[in-house]
Amino acid sequence: MGSAPDSFAPILLQLLLGVGFSALILTLAFLINPKKKSKPQDTFECGVTYYGDARGLFNIKFYLVAVLFILFDIEAVFLYPWAVNLISFKEAGLGTFFLIEMFFFLLILVVGLYYIWKKGALEWD
């Protein structure tokens with residue numbers, strides 16, 4: 001009838017191990033961390049003195065280019081398994097269908113690239 005397990009002991013054991021391991025790591029990190037608190041006048045470990053504020057503003061173009069890079073990088077990740085399995089698709093009689101599907105996928109990405117190019121998202125003015 002139902003799919004409930006007979007015993008919740010393995011689930012409870014894994015939960016306790018996860019919480020216990022997390023508590024152990026946090027406790028060890030607290031006990032062995034350096035006790036000296038650095039002051040803003042101190043230098044970095046490499047000897048370079050501080051200057052400016054750490055919370056400075058960045059140009060939004062950096063984030064936009066990073067997101068676009070991730071988008072097109074994920075597109076390449078989808079291309080590799082497809083390319084590896086294309087021969088087996090062809091042997092199964094689905095090669096033409098999957099080839100057209102991939103061209104459609106690439107067409108959508110090219111239209112997206114054209115759009116962001118025309119919007120000026122890749123310009124560094």
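Is F78 buried or exposed? With a relative accessible area of 52%, F78 is exposed, because the cut-off for exposed is over 50%. The model in which this residue sits is a predicted one, and the paragraphs below go through it helix by helix.

The protein chain contains three helices and zero strands. Along the sequence the pattern is α-α-α. Of the 125 residues in the protein chain, 7% are buried. The chain exposes about 11,600 Å², and carbon and sulfur atoms supply 73% of that area. Among contacts with a separation of 6 or more, 54% are between residues 24 or more positions apart.

Helix α1 covers residues 9-32. Its 24 residues should span 34 Å at 1.5 Å a residue, and the end C-alpha atoms are indeed 34 Å apart. The number of buried residues in α1 is zero, so this helix lies largely in the open.

Helix α2 takes up residues 60-91. It has 32 residues and reaches 48 Å from its first C-alpha to its last, close to the 46 Å expected at 1.5 Å a residue. The helix has a kink of about 45 degrees, centred on N85. After α2 comes G93, with a positive phi near 90 degrees.

Within α2, the residues L68, E75 and W82 are buried. The buried residues of this helix pack against α3, which runs over 95-119. F78 also belongs to α2. Leaving aside residues up to four places away in sequence, F78 touches M102 and F105. F78 and F105 are 27 residues apart in sequence, and their C-alpha atoms are 10.0 Å apart in space.

Helix α3 has 25 residues, and the distance from its first C-alpha to its last is 36 Å, close to the 36 Å expected at 1.5 Å a residue. Its buried residues are G95, M102, L109 and I116. These buried residues pack against α2, just as the buried residues of α2 pack against α3. G120 follows α3 and has a positive phi, near 85 degrees.

L109 gives a view of this packing from the side of α3, the helix in which it is found. Its relative accessibility is 13%, and L109 therefore counts as buried, since buried means under 20%. Not counting residues up to four places away in sequence, L109 touches F72 and E75. E75 is itself one of the buried residues of α2. L109 and L71 are separated by 38 residues in sequence and by 9.4 Å in space, C-alpha to C-alpha.

The surface also has a feature to look at. F58, I60, F62, Y63 and W124 form a nonpolar patch there, and together they have about 640 Å² of accessible area. Of these, Y63 has its place in helix α2. Y63 has a relative accessible area of 46% and is partly exposed, because that class lies between the 20% limit for buried and the 50% limit for exposed.

Notes:
Residues numbered from 1 in each chain as written. Predicted model: local features only at pLDDT ≥ 70, side-chain atom pairs only at ≥ 80, totals over all residues. Heavy atoms only, no water. Patch = residues over 30% accessible without salt bridge, like charges linked within 9 Å, V, L, I, M, F, W, Y side chains within 5 Å. Areas by Shrake-Rupley, 256 points an atom, 1.4 Å probe, with all protein chains shown as cover. Salt bridge = Lys/Arg side-chain N within 4 Å of Asp/Glu carboxyl O. Helix = DSSP H or I, 4+ residues; strand = E, 2+ residues; numbered from the N terminus. Buried < 20%, exposed > 50% of the residue type's maximum accessible area, 1.4 Å probe, protein only. Expected span 1.5 Å × (residues − 1). Bend = angle between axes of the 7 residues up to and from the residue. Contact = heavy atoms within 4.5 Å.
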